[in-house]
Each structure stands twice: as structure tokens, then as C-alpha cells.
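Here's a quick tour of a protein chain, meant to be read with the picture open beside you. Take a look around first, then work through the points below.

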Amino acid sequence: ESYDDEELCLICLASTEGVGPASIRKLLAGARASGEPLSEALQHSAAELEGRFGIGATVVSLLRRIESPILLGEAIVDALGWMEGRVVLEGSPDYPAKLLRFLGEAAPVVLFMLGDPAVLKDPCVAVVGSRGPTREARGAARAFAAAEAESGISVVSGGASGIDTAAHRGALGAGAAAVVPPVGVAHFRWRGIRQADLSGGRWCVVGQFPPQERWRTGNALVRNRTIVAASDAVVGFEPRERGGTWHTCLTALQMGKPLFVVSASGEAAHRRGLSRLVRLGAQALDPHQMPDAPQFERLVRDYRPPAASSQTALFEGPGDKT
């Protein structure tokens, strides 16, 4: 696949650690407004980049280190090809429209993808949860994901241990799975998934960070929002009142996505997490009697998100700081 000079510059920018979608969009809009190629706009002085394009000083310092964005873009495309991956730019047929709809200006301009991007074109359900779930929750997540995948629903998760891994194993054995990792695709590794599992199902890895980027706490929160945005409904297993599952569930409520929560844990933190999310608008499911695919479809169809006024305190409390 070939890319023009502007696309190669965008690929280069999206691969530069510390340069996010907002800065890339400002650069692109400024270059187009002035009628100059993006590659030339990147050669402006630091003062011009800050003044004319509205780019912050920290990002400008990163941009000034880029000597040839077109050549770097080509090198990134080649490196991704060696990983049997591909670049998906905003506006291309393979770019998930739901990301733009729900993330807006924060949507990644470029995705670095492994596997089959068409997985995200199917209806999607996010299955997320504890890294140390109860045996009942782990089994319920795997069986639920398998049932959804068998019915043609893609199962989206974050690739972590525990519930995420159980969901992916169930989905890959029956249909399609998508993973959105908090690291670049060059550092992503499937957890608990064998090559035979990947050979037997459809899958994709959605890379929204520079391919060589390693773990950063902030990236995990960004990743959670992408999981929710890409999905038509979210099922959270054994959330506490803090951490990744809690944040993902709150994000689902914020975006108005149907949210379902499941817990078989007797721990007080899990009971509080589940009950609070139900008060905020989630619907609780029984881990011992999970809905089959047609039943879940009806639950999603009948779900009514909470009124906006009831969400004013969503991000207050202990879950807001982690």
C-alpha cells in the first residue's frame, strides 16, 4: 500500500512519543489553511509552530528533532509490514467510525493495526474486568464472550490478565476478538493465548500509540476510552471503586453506552463498586445465569442510559484519582 507525503508525515507524527492527536490535528489544519505541505509546515521555527499553529512548547521541542518526516514515515510503514501489520488513517474505509463519533478531536489520527481491521466493523461488545477475578466471574466472562462471538459480535478488551484474557480466549474460539493495548504494537504480547487460538478465529490489535511506546499509566486511561468508543455495549466484571475497570465503566456511562456489571465476589470493595454503578445507571447481571446472545441483544436494545443530570458526580469520589 502506498501513501502520499502528507499521509507519511501523519504516520511519522503519530509514531512520535509525546505528540498526541490534538497537536497533530492543529498541525494538519494549520498547514492546510496556509496552503503549504505538512512536511514544510513542520520545518517552521519553534516560535512559528507555537504562535501560528498553537502547539505547546514541549511538543514543539519534539517536532524540532524530526529531520525528515517523510522518510521516517516510510520507515515506520516498512517496520509495521515486517510485523504483518498495517497503517489505518482517519478517513480510510478501515478506520472505525465510532472512534471519531465518540472521541471527537481526541480520536487517534492514525492507527497501527495487526490482524484484520474489519473485526471492528462488526457489532462490538466490550468485556473488561478484574485481573484477579473469582473463578465464577472468569468462567462467566469466557462463556459470555464465546456466545457473543458465535453470534457474530466482536469482543473488545484490553489484553490484560484475568477477565480480559478469559474473554479473548472465549471469543477467539468462536468468532472475533479485538484487543486495545496500552502499549505500542511492537511491545504487545497476547496473554494466555496460543497460536492455535489465533489461527482459529478472527482478530485485530488496535494500536493507537507509537509502535515502540512502552507502558505508561496515562495510556491505560486513554486505552479505556478507546475500548468503550469502539463498542456498542460494555460488560464490566467485578469492578472496584477504583482502577481500570471502574474507569472504563464510568466512561461507558459518560458516553451513554449500555453498561452491564457482573460480580461473584463477596469482597466489600467489589460489592460497593457494583452497587454504586447500578445506582449510576448500570444493569447488574447474574454470573451464574448470564444471558445468551439473543437475550443480551434485547437487554442492549431496551437499555436506557441515565439522564445527564444524574451523571454530574460521575467522576467524583475514589475512582477519580486512579
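What follows is a short briefing, grouped by topic.

Keep in mind that you're looking at a predicted model. The chain is built from 14 helices and nine strands, and 54% of its 322 residues count as buried. Below you'll find the overall build, one strand pair, two odd backbone spots, two cysteines, and the empty spaces.

**Overall build**

- If you follow the C-alpha trace along its principal axes, it spans about 60 × 45 × 30 Å.
- A compact globule with 322 residues would have a radius of gyration near 20 Å, and the chain agrees because its own value is 20 Å.

**A strand and its partner**

- Strand S1 takes in residues 85-89, and it's mostly covered, with four of its five residues buried.
- S1 pairs with strand S2 (residues 110-115) in the antiparallel sense, and five bridges link the two.
- To find one of these contacts on screen, look for Leu 89, whose bridge partner in S2 is Val 110.

**Two glutamates with a positive phi**

- Glu 84 isn't a glycine, yet it has a positive phi of about 60°.
- You'll find Glu 84 in the loop between helix H6 (69-82) and S1.
- Is Glu 84 buried or exposed? Its relative accessibility is 70%, so Glu 84 counts as exposed.
- Glu 238 is another non-glycine with a positive phi, this time of about 50°.
- Glu 238 also sits in a loop, the one between strand S7 (233-237) and helix H12 (244-255).
- Glu 238 has a relative accessible area of just 2%, so this glutamate is buried.

**Cysteines without a bond**

- How many disulfides does the structure hold? The count is zero.
- Why does Cys 9 have no bond to the closest cysteine sulfur? That sulfur belongs to Cys 12 and is 6.9 Å from the sulfur of Cys 9, so the two are too far apart for a bond; a disulfide would need them within 2.5 Å.
- Seen from the other side, Cys 12 is in no disulfide either, and its nearest cysteine sulfur is that of Cys 9.
- Cys 9 counts as buried because its relative accessibility is 0%.
- Cys 12 counts as buried too, because its relative accessibility is 3%.

**The largest pocket**

- The largest pocket holds about 460 Å³ of space.
- Which residues are closest to the centre of this pocket? Out of the 24 that line it, they are Gly 129, Arg 131, Gly 243, Gly 244 and Thr 245.
- Strand S3 (124-129), helix H11 (217-230) and H12 are the elements that each give two or more residues to this lining.
- H11 provides the largest share of the lining, with six residues.
- Sorted by class, the lining of the largest pocket has ten polar, eight nonpolar and six charged residues.

**The second largest pocket**

- The second largest pocket has a volume of about 310 Å³.
- Its lining is made of 20 residues, and those nearest the centre are Val 19, Gly 20, Pro 21, Gln 208 and Phe 209.
- Two elements give two or more residues to the lining here, namely helix H2 (21-34) and H11.
- Which element gives the largest share of the lining of the second largest pocket? That's H2, with four residues.
- By class, the lining of the second largest pocket comes to twelve nonpolar, six polar and two charged residues.

**A closed-off cavity**

- Rolling a probe the size of a water molecule over the atoms is a way to see where empty space is left.
- The structure holds one cavity of 30 Å³ or more, and the volume of the largest cavity is about 30 Å³.
- Around the largest cavity you'll find Gly 159, Ala 160, Asp 164, Thr 165, His 168, Phe 188, Trp 190, Arg 191 and Ile 193.
- The lining of that cavity divides into four nonpolar, three polar and two charged residues.

Key: Residues numbered from 1 in each chain as written. Predicted model: local features only at pLDDT ≥ 70, side-chain atom pairs only at ≥ 80, totals over all residues. Heavy atoms only, no water. Buried < 20%, exposed > 50% of the residue type's maximum accessible area, 1.4 Å probe, protein only. 1 Å grid on protein atoms, 1.4 Å probe; cavity = no way out; pocket = protein on both sides within 12 Å on 5 of 7 lines; lining within 4 Å. Points joined across faces, edges and corners; volume = space filled by probe spheres on them. Nonpolar A, V, L, I, M, F, W, Y, C, P; charged D, E, K, R; others polar. Pairing = 2+ DSSP bridges. Rg over C-alpha atoms; globule rule 2.2 N^0.38 Å.
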